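The following note sets out points for a colleague who is reading the structure alongside its sequence. Each point takes up one site or element.

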Amino acid sequence: MASSLSTRSLLSASRSRAAWGRASRFSTSAPVNSALKERLAQLIPQETEKVKAVRAEHGKKSFGPVLVDQLYGGMRGLPALIWDGSVLDAEEGIRFRGKSIPECQAELPKAPGGSEPLPEALFWLLVTGEVPTQAQVAELSKEWAARAAIPKFVEEIIDRCPPTLHPMSQFSMAVTALNHDSAFAKAYQDGVSKKEYWGPTFEDCMDLIAKLPNIAGRIYRNVFGKGKLPAIDPSKDYSHNLAALLGFGDNEAFVELMRLYITIHSDHEGGNVSAHTGKLVGSALSDPFLSFAASLNGLAGPLHGLANQEVLIWLRRMQSKIGENASDEAVKEYVWSTLKGGQVVPGYGHAVLRKTDPRYTAQREFALKHLPDDPMFKLVGQIYNIVPNILLEAGKAKNPWPNVDAHSGVLLTYYGLDQMQFYTVLFGVSRAFGVAAQLIWDRALGAPLERPKSYSTEAIAKMFANKQ
Ligand SMILES: CC(C)(COP(=O)(O)OP(=O)(O)OC[C@H]1O[C@@H](n2cnc3c(N)ncnc32)[C@H](O)[C@@H]1OP(=O)(O)O)[C@@H](O)C(=O)NCCC(=O)NCCS
């Protein structure tokens with residue numbers, strides 16, 4: 001009797017949860033017919049077969065030994081994940097679906113009169129592996145503009161944050177709250193079949209990307225007192241709208257910078273902290289908003305995305321200490337003082353790369369074209385000639401070369417976006433493209449719950465006690 005009562009109460013609790021879900025979720029998205037979704041639906045069966053064939057043929061083959069050092073050493077180099085969207089080569093840098101950054105710049109559709117790739121095109125490439133047409137990209141811009149509005153209560157959450165709360169914390173909070181309207185969470189409650197997971201995941205991912213400019217713009221204007229947010233212009237591309245929401249829509253060079261910025265920061269294979277966190281949390285079938293909010297919390301760490309803020313703070317401190325137009329000797333001394341103080345040189349080093357990051361090079365080329373005489377750009381160039389030798393001499397860092405974060409803040413500062421606490425938010429807007437593409441494919445291919453094995457030090461000691 002007791003057990004049937006508790007079963008009944010459990011059932012009614014779950015029914016009322018489902019009813020709550022239906023009553024409280026409302027769609028803020030305009031209904032849209034996505035060509036990207038149609039193309040994805042065509043690709044899923046063949047990709048599923050490809051994975052099946054690879055697993056059938058190679059599933060029991062080994063990558064080689066796992067070293068105990070890898071367990072203690074942050075899993076560096078441990079083969080553990082699959083992601084087709086982008087692959088990182090230690091020497092050459094990132095390729096998005098096989099295309100290097102210069103190839104993306106050459107081949108992906110651009111805005112009329114522009115020379116940088118449109119992030120809409122990069123997203124299409126990440127999701128399908130194909131270069132879209134100009135018309136497909138234009139449709140994506142329109143679709144994201146149609147989905148861009150954020151619920152009133154999310155606006156209120158952002159507005160209630162004290163300006164002293166870091167923009168990344170506000171960003172993560174607002175993205176978490178978008179889960180209120182998750183199509184995936186609702187479909188799951190309604191009993192969607194596993195085969196259909198990818199559909200509502202795709203809808204959520206499109207909503208997520210579309211809504212980020214409104215969230216980022218609102219945080220920027222609130223924290224830095226920049227007045228009221230303008231409306232999204234449905235005739236403009238994503239980067240133009242993002243720039244306009246930040247107050248830089250009239251500056252075509254800044255808009256071009258946003259197109260380049262979002263493209264190159266979008267994805268960096270599957271193992272980096274933000275990409276992997278999104279995948280890990282998504283593997284529990286947490287919806288894309290919850291999964292990406294977790295990514296953002298990882299991106300907010302100073303060894304990952306927050307490094308772009310740290311670089312600017314470090315450069316400013318350097319300038320205040322040794323002055324502008326400082327000699328190489330003075331810069332060297334400052335770099336050494338950073339290392340001797342037990343700190344890292346932000347913007348230098350990488351867990352995988354062993355050469356200058358091509359994302360750094362792409363930004364340097366942008367600077368050479370648009371701001372060749374800027375003093376901060378010159379300082380970044382001067383540091384490039386100094387830091388690698390010092391890191392080599394110090395002898396610890398495996399990669400003495402600059403990464404993406406060594407350059408991005410200087411470009412933003414040049415155009416007047418000099419509030420460095422905001423820089424990682426822009427990185428976050430961009431990283432959503434890669435995390436979203438990965439979440440869609442993980443649901444389409446039925447990726448399982450992630451659950452690696454952990455060991456105690458005692459177990460390791462015993463395991464190898466009498467072995468060479
Ligand atoms: C990116 C980063 C976290 C990679 O870490 P990693 O894979 O552990 O790097 P390494 O294997 O080269 O680290 C070996 C040692 O060199 C040090 N090192 C690496 N990069 C360094 C740097 N830029 N400045 C000073 N020391 C550095 C590490 O802190 C580590 O020291 P430890 O042995 O005392 O712990 C690291 O290079 C770093 O902290 N860079 C600065 C922050 C940054 O720019 N982050 C953005 C990355 S895209």
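**Notes on the predicted model**

1. The backbone nitrogen of Ser408 lies 3.4 Å from a polar atom of the Gln363 side chain. The structure is a predicted model, and this contact is to be read accordingly. A polar atom of the same Gln363 side chain also lies 3.0 Å from the backbone oxygen of Val404. Gln363 belongs to helix 17, which spans residues 358–370. Is Gln363 buried or exposed? Its relative accessibility is 1%, and Gln363 therefore counts as buried, the cut-off for that class being under 20%. Beyond residues up to four places away in sequence, Gln363 touches Ile264, His265, Val404, His407, Ser408 and Leu411.

2. The ligand has 19 residues around it, of which Val345, Gly347, Tyr348, Lys396 and Lys398 come nearest. By class, the residues of this shell divide into 10 nonpolar, five polar and four charged. Both backbone and side-chain atoms of the protein approach polar atoms of the ligand. A backbone N or O atom of Leu303 is 2.9 Å from a ligand nitrogen atom, and a backbone N or O atom of Ala397 is 3.3 Å from a ligand oxygen atom. From a side chain, a polar atom of Asn403 lies 3.0 Å from an oxygen atom of the ligand. On its own the ligand has 850 Å² of accessible area, and the protein covers 75% of that area.

3. Which residues have the most contacts inside the largest nonpolar core? They are Phe123, Phe171, Leu315 and Leu417, in a core of 111 residues. Helix 21, residues 423–444, gives the most to this core, with 14 residues. In soluble globular proteins, nonpolar side chains tend to be buried together. For Leu315, the contacts outside its neighbours within four places in sequence are Met376, Leu379, Val380, Ile383 and Val410.

4. Helix 5 deserves separate mention. This helix covers residues 119–128, and 10 of its 10 residues are buried, so helix 5 is largely enclosed by the rest of the structure. Among the buried residues of helix 5 are Glu120 and Thr128, as well as Leu122, Phe123 and Trp124. Phe123 appears again among the residues with the most contacts inside the largest nonpolar core. Gly129 follows helix 5 and has a positive phi, near 80°.

5. Two residues other than glycine should be checked for their backbone angles. Most residues other than glycine have a negative phi. Met75, however, has a positive phi of about 60°, and Leu285 has a positive phi of about 65°. Met75 sits in the loop between helix 3 (68–72) and strand 1 (86–89), while Leu285 sits in the loop between helix 13 (273–283) and helix 14 (288–299). With a relative accessibility of 48%, Met75 counts as partly exposed. Leu285 also counts as partly exposed, at 25%.

6. Ser34 is placed in the loop between helix 1 (2–24) and helix 2 (35–58). Its relative accessibility is 8%, which means that Ser34 counts as buried. The Ser34 side chain reaches the backbone nitrogen of Leu36 at 3.2 Å. Leaving aside neighbours within four places in sequence, Ser34 is in contact with Glu139, Glu143, Phe202 and Met206.

7. Lys236 lies in the loop between helix 10 (198–224) and helix 11 (238–246). Lys236 is partly exposed, because its relative accessible area is 32%. Not counting residues up to four places away in sequence, Lys236 touches Ser141 and Asn241. Lys236 and Ala367 are 131 residues apart along the chain, and their C-alpha atoms are separated by 25 Å.

8. What joins the side chains of Asn297 and Ser172? The link is a polar contact of 2.8 Å. Asn297 is a residue of helix 14, and its relative accessibility of 49% means that it counts as partly exposed. From Asn297 to Glu256 the C-alpha distance is 27 Å, with their positions 41 residues apart in sequence.

Terms used:
Residues are numbered from 1 along each chain as its sequence is written. This is a predicted model: local features need pLDDT of at least 70, side-chain atom pairs count only at pLDDT 80 or more; totals for chains, interfaces and linings use all residues. Side-chain values use heavy atoms; hydrogens and water are left out. Helices (H or I, at least four residues) and strands (E, at least two) are DSSP runs, numbered from the N terminus. Buried means under 20% relative accessible area, exposed over 50%, partly exposed in between (1.4 Å probe, protein chains only). A residue is near a molecule or strand if one of its heavy atoms lies within 4 Å of it. A polar contact is a pair of N or O atoms within 3.5 Å; within protein, one must be able to donate a hydrogen and the other to accept it, and residues adjacent in sequence count only if both atoms are side-chain atoms. Accessible areas come from the Shrake-Rupley method with a 1.4 Å probe; for residues, only the protein chains shown count as cover. Ala, Val, Leu, Ile, Met, Phe, Trp, Tyr, Cys and Pro count as nonpolar, Asp, Glu, Lys and Arg as charged, and the others, Gly among them, as polar. A nonpolar core is a set of buried Ala, Val, Leu, Ile, Met, Phe, Trp, Tyr and Cys residues joined through side-chain atoms within 4.5 Å. Contact means heavy atoms within 4.5 Å.
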